[in-house]
Amino acid sequence: MNEDWVEVINRSDDGVENVFLKDSDLDDYLHSGKSFHKKRAEAASNGENVIIRSFDELVIKINSIIYAQDADVSKMQSVGVMRVGSNISNQIRAIDNSIDTSSYFFQIEPNDLRHAYNEHLKPKREGDLPMYENDIAFALSHLNEGVVETIEKTKGGGKRAIINIEAPDGNYVTVQVVSKGDGALSLKSMWKIEKTSWIQQEIS
């Protein structure tokens, strides 16, 4: 991983933005949403990391997902990364005031992260850039600094948000998250785009 990307500095005004979770957050995460997440709790009790406590843990989790066998990834539980901060929750509320994510968590869905990496390692369309592990790690550790571009309904009746995060090289990583009523914004997909492409999207 490029040394310019290795260490992430938390930039917070409200004590929540871009702060990874602590052991004391685990119980809240297991009870997020409308019901207790039994399988997630069992995985935690068996030694699986179901919350991210540091940037190093995030990098290890990303690599364990990307390079695992398909069968192993399908057995992995969702992973809480950080609480949704005021920057993102306020932007979402401004676009759709029926959505309150102020008590939500950002979480990784292992199958979706692996699929996103495999799909977007190579550019798929004009304006896209290759997305590497360091792009993923940076974006997932700076989720609360993003700009919410759109919110849409999903086929299953949930909500999907597109969040753009500026990377250290001046380009953008686009993260698609979904809300399924489980107290979390779950990673669904992500890809990297040129800065000019994002500016053109904003203008249009």
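# Why do we call it that? Buried, packed and enclosed

This chain has nine helices and seven strands. The model is a predicted one, and the questions below ask how its labels are earned.

Q: Why is Leu21 called buried?
A: Leu21 has a relative accessibility of 2%. The cut-off for buried is under 20%, so Leu21 counts as buried.

Q: Where does Leu21 sit, and what does it touch?
A: Leu21 is in the loop between helix H1 (3-6) and helix H2 (26-30). Leaving out residues up to four places away in sequence, Leu21 touches Ile51, Ile52, Arg53, Gly80, Val81, Met82, Arg83 and Phe105. Take Ile51: 30 residues separate it from Leu21 in sequence, yet their C-alpha atoms are 6.5 Å apart in space.

Q: Why is Val19 called partly exposed?
A: Val19 is in the loop between H1 and H2. Its relative accessibility is 23%. Buried needs under 20% and exposed needs over 50%, so with 23% Val19 counts as partly exposed.

Q: What makes Val84 buried?
A: Val84 has a relative accessible area of 3%. Set that against the cut-off of under 20%, and Val84 therefore counts as buried.

Q: Which loop holds Val84, and how far is its C-alpha atom from those of Ser102 and Val19?
A: Val84 is in the loop between strand E1 (79-83) and H6. From Val84 to Ser102 is 18 residues along the chain and 6.3 Å between C-alpha atoms. Val19 is 65 residues from Val84 along the chain, with 9.7 Å between their C-alpha atoms.

Q: How do you know that the buried residues of helix H6 are on the same side?
A: Start with the names: in H6 (residues 86-95), the buried ones are Ile88, Ser89, Gln91 and Ile92. They span an arc of only 160° around the axis, so they lie on the same side of H6. The face turned away from that buried side carries the exposed residues Asn90 and Ala94.

Q: What covers the buried residues of H6?
A: The cover includes four strands: E2 (105-108), E4 (147-153), E5 (159-166) and E7 (184-193).

Q: What makes helix H8 (133-141) mostly covered?
A: Just count: nine of the nine residues of H8 are buried. They are Glu133, Asn134, Asp135, Ile136, Ala137, Phe138, Ala139, Leu140 and Ser141.

Q: Which residues of helix H7 are buried, and what do they pack against?
A: In H7 (residues 110-120), the buried residues are Pro110, Asp112, Leu113, Arg114, Ala116, Tyr117 and His120. They pack against H4, helix H5 (70-75), E2, strand E3 (128-129), H8 and E7.

Q: Which residues have the most contacts inside the largest nonpolar core?
A: They are Ile136, Val175 and Met190, in a core of 41 residues. Helix H4 (residues 55-66) gives the most to this core, with six residues. There's a general pattern here: in soluble globular proteins, nonpolar side chains tend to be buried together.

Q: What is Val175 in contact with?
A: Setting aside neighbours within four places in sequence, Val175 contacts Ala139, Leu143, Ala161, Ile162, Ile163, Ile165, Leu187, Ser189 and Met190.

Q: How many cavities of 30 Å³ or more are there, and what lines the largest?
A: There are two cavities of 30 Å³ or more. The largest holds about 60 Å³ of space. Its lining is made of Ile92, Ile99, Thr101, Ile151, Lys159, Arg160, Ala161, Val177, Ser179 and Leu185. E5 supplies the largest share of that lining, three residues, and E5 and strand E6 (172-179) each supply at least two.

Q: Where is Lys159, and what is it in contact with?
A: Lys159 is in strand E5. Not counting neighbours within four places in sequence, Lys159 is in contact with Asp96, Ser98, Ile99, Ile151, Glu152, Lys153, Thr154, Val177, Val178 and Ser179. Between the C-alpha atoms of Lys159 and Gly181, 22 residues apart along the chain, the separation is 9.1 Å.

Q: What share of the whole chain counts as buried?
A: Of its 204 residues, 50% count as buried. The accessible surface comes to about 10,400 Å², and 46% of that belongs to carbon and sulfur atoms.

Terms used:
Residues numbered from 1 in each chain as written. Predicted model: local features only at pLDDT ≥ 70, side-chain atom pairs only at ≥ 80, totals over all residues. Heavy atoms only, no water. Buried < 20%, exposed > 50% of the residue type's maximum accessible area, 1.4 Å probe, protein only. Arc of directions from axis to C-beta. Contact = heavy atoms within 4.5 Å. Core = buried A, V, L, I, M, F, W, Y, C linked by side-chain atoms within 4.5 Å. Areas by Shrake-Rupley, 256 points an atom, 1.4 Å probe, with all protein chains shown as cover. 1 Å grid on protein atoms, 1.4 Å probe; cavity = no way out; pocket = protein on both sides within 12 Å on 5 of 7 lines; lining within 4 Å. Points joined across faces, edges and corners; volume = space filled by probe spheres on them.
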